[in-house]
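Me: Got a minute to go through this one with me? Put it up and I'll start asking.

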Amino acid sequence: MSALRSAFMNEFAARGHLHQCTNQDGLDALMMKERVAGYIGFDCTAPSLHIGNLTQIMRLRVLQRAGHKPIVVVGGGTTKVGDPSGKDETRQLLTDAQIEANKLRHMEIYRRFLKFGDGATDAIMVDNAEWLDTLQYIPFLREVGRHFTINRMITMDSVKLRLDREQPLTFLEFNYMIMQSYDFVELFRRYGCRLQMGGSDQWGNIVSGIDLARRTDNVELFGLTSPLITTSSGAKMGKTAAGAVWLSADMLSPYDYWQYWRNVEDADVGRFLRVFTDLPLDEIAQLESLKGAELNDAKKALANEATALCHGRAEAERAAETSRQTFEGAGMSANLPTVDVSHDELAKGIGVLAAFTRAGLTTSNGDARRQVSGGGLRVNDEAVADEKLLLTSAHLREGVVKLSLGKKKHVLLKPV
RNA sequence: GGGGGAGUGUCCCGAGUGGCAAAGGGGGCGGACUGUAAAUCCGCUGGCUGACGCCUUCGUAGGUUCGAGUCCUACCUCCCCCA
């Protein structure tokens, strides 16, 4: 394997995206020679996209930056089948209406991260339902199905995992690989797409598509996979207490998004800066070389850049400022999340336990009670010692009551 | 179609065969220490209640019993073997 020459491959590798490539030298040469259209497929299984999907989107950004053409394939068709890769049980089937609703929300998100349009390097978005929904069973089996052997398919990791674990793999899911393979061929035919990227778990699906294209269209397509991004402590990325780290503001506020990045482990900062921001690599190297507490500056840079990409620069700055006031200043920030209560209610007094539960900081009165005994709840920065405490207008500071769970989670109770 | 096995605290794994709100672990949350980090140590991890206590929970529905996750019956789902 010779040294990489193309701008794309160099940056792709330098940012830690390169895991496996079907023909690295061949792809590198192609990238030098011409503008390449490359795609990544996203299924519409969840109402929003999360950080795990973001790693893929960032790869398309690298592709676009290097002067090539990204294709976002929204899996309106494949979602109806359900990818078994990396799943040890069957996904629940979504209705067509759910898939459609998810798809529309996803499309908004892609538009924030990539430049779409008609230009040569503008990204395009296509829905594989366009060609999958209308497939005829028998003709499809004859044209495409005959190129797949069961012998080979059952050696694929996605299939093997289920068989080895004695978990059911339905025939529906078994077909996913074929759908995805066909997608690649179809994208080549329609858009001249030569490259498919994806997570390392997509290797089998990608290679199948390449094989299929060679047989049906006598053309060499390329596959490029990326390592699964985990935190240095080995956990899958993007999970917080509340769930996934979503890219939609209505599912995870820009402030919480900023906080997620601000709180990554030391060992992850450099890696994450390379993957989740566009900062120049030399700048990242410098940030990464900071020692001890100074690394916090690198984390702030990560939080600022990542949030700006997702929610815009203004929201990123607001989140940074809210965080600064909350954690580094003396006071509190009015921009913290708020929960409304009526004046009347507050005048009569609200039990602390109920107040924290209403603010969403605790899940029930019992949970709140346990937190009190563990010393985890604070009102206006003072620990709650008595679970019978009544919050009243007397607790208002600058018009709000500040409720805190632990050191990091704060909500303002605001009378209206 | 026949035979054998499995489904446990709705985050996951997993012990439990008549007294169970149910062992243990992971994960998560909180506390101490720090740098809004990691590691470590400690506490918590079904709902209601100030508390005694009450309520809901072991695939589903019935039954036996003072009492059932545990026994019986039917059903559902899955796995394995045979056809």
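Me: Why does L141 count as partly exposed?
Reply: Because its relative accessibility is 37%, and partly exposed runs between 20% and 50%. Keep in mind that this is a predicted model.

Me: Where does L141 lie?
Reply: In helix α6, which spans residues 137-143.

Me: Which residues make the nonpolar surface patch?
Reply: Y137, I138, L141 and F171 make it. The patch covers about 450 Å².

Me: And which helix gives the most to that patch?
Reply: Helix α6, with 3 residues.

Me: Switching to the RNA. How many residues surround strand B?
Reply: 32. The closest are N263, D266, S364, K407 and K409. Of the RNA atoms that come within 4 Å of the protein, sugar and phosphate account for 69%.

Me: Which side chain has an N or O atom 2.9 Å from a base oxygen of RNA strand B?
Reply: That's Q259. The side chain of N296 also has an N or O atom by a base, 3.2 Å from a base nitrogen.

Me: What about G374, what lies 3.3 Å from its backbone N or O atom?
Reply: A sugar or linking oxygen of RNA strand B.

Me: Which helices each supply at least two residues of the surface near the RNA?
Reply: α12 (254-262), α15 (295-311), α16 (313-328) and α19 (365-373). α19 gives the most, with 5 residues.

Me: How do the residues of that surface divide?
Reply: Into 13 polar, 12 charged and 7 nonpolar.

Notes
Residues are numbered from 1 along each chain as its sequence is written. Chains are lettered from A and ligands numbered from 1 in the order in which they are written. This is a predicted model: local features need pLDDT of at least 70, side-chain atom pairs count only at pLDDT 80 or more; totals for chains, interfaces and linings use all residues. Side-chain values use heavy atoms; hydrogens and water are left out. Patches are made of residues with over 30% relative accessible area and no salt bridge: like charges are joined within 9 Å, nonpolar side chains (Val, Leu, Ile, Met, Phe, Trp, Tyr) within 5 Å. Accessible areas come from the Shrake-Rupley method with a 1.4 Å probe; for residues, only the protein chains shown count as cover. A salt bridge is a side-chain nitrogen of Lys or Arg within 4 Å of a carboxyl oxygen of Asp or Glu. Helices (H or I, at least four residues) and strands (E, at least two) are DSSP runs, numbered from the N terminus. Buried means under 20% relative accessible area, exposed over 50%, partly exposed in between (1.4 Å probe, protein chains only). A residue is near a molecule or strand if one of its heavy atoms lies within 4 Å of it. A polar contact is a pair of N or O atoms within 3.5 Å; within protein, one must be able to donate a hydrogen and the other to accept it, and residues adjacent in sequence count only if both atoms are side-chain atoms. Ala, Val, Leu, Ile, Met, Phe, Trp, Tyr, Cys and Pro count as nonpolar, Asp, Glu, Lys and Arg as charged, and the others, Gly among them, as polar.
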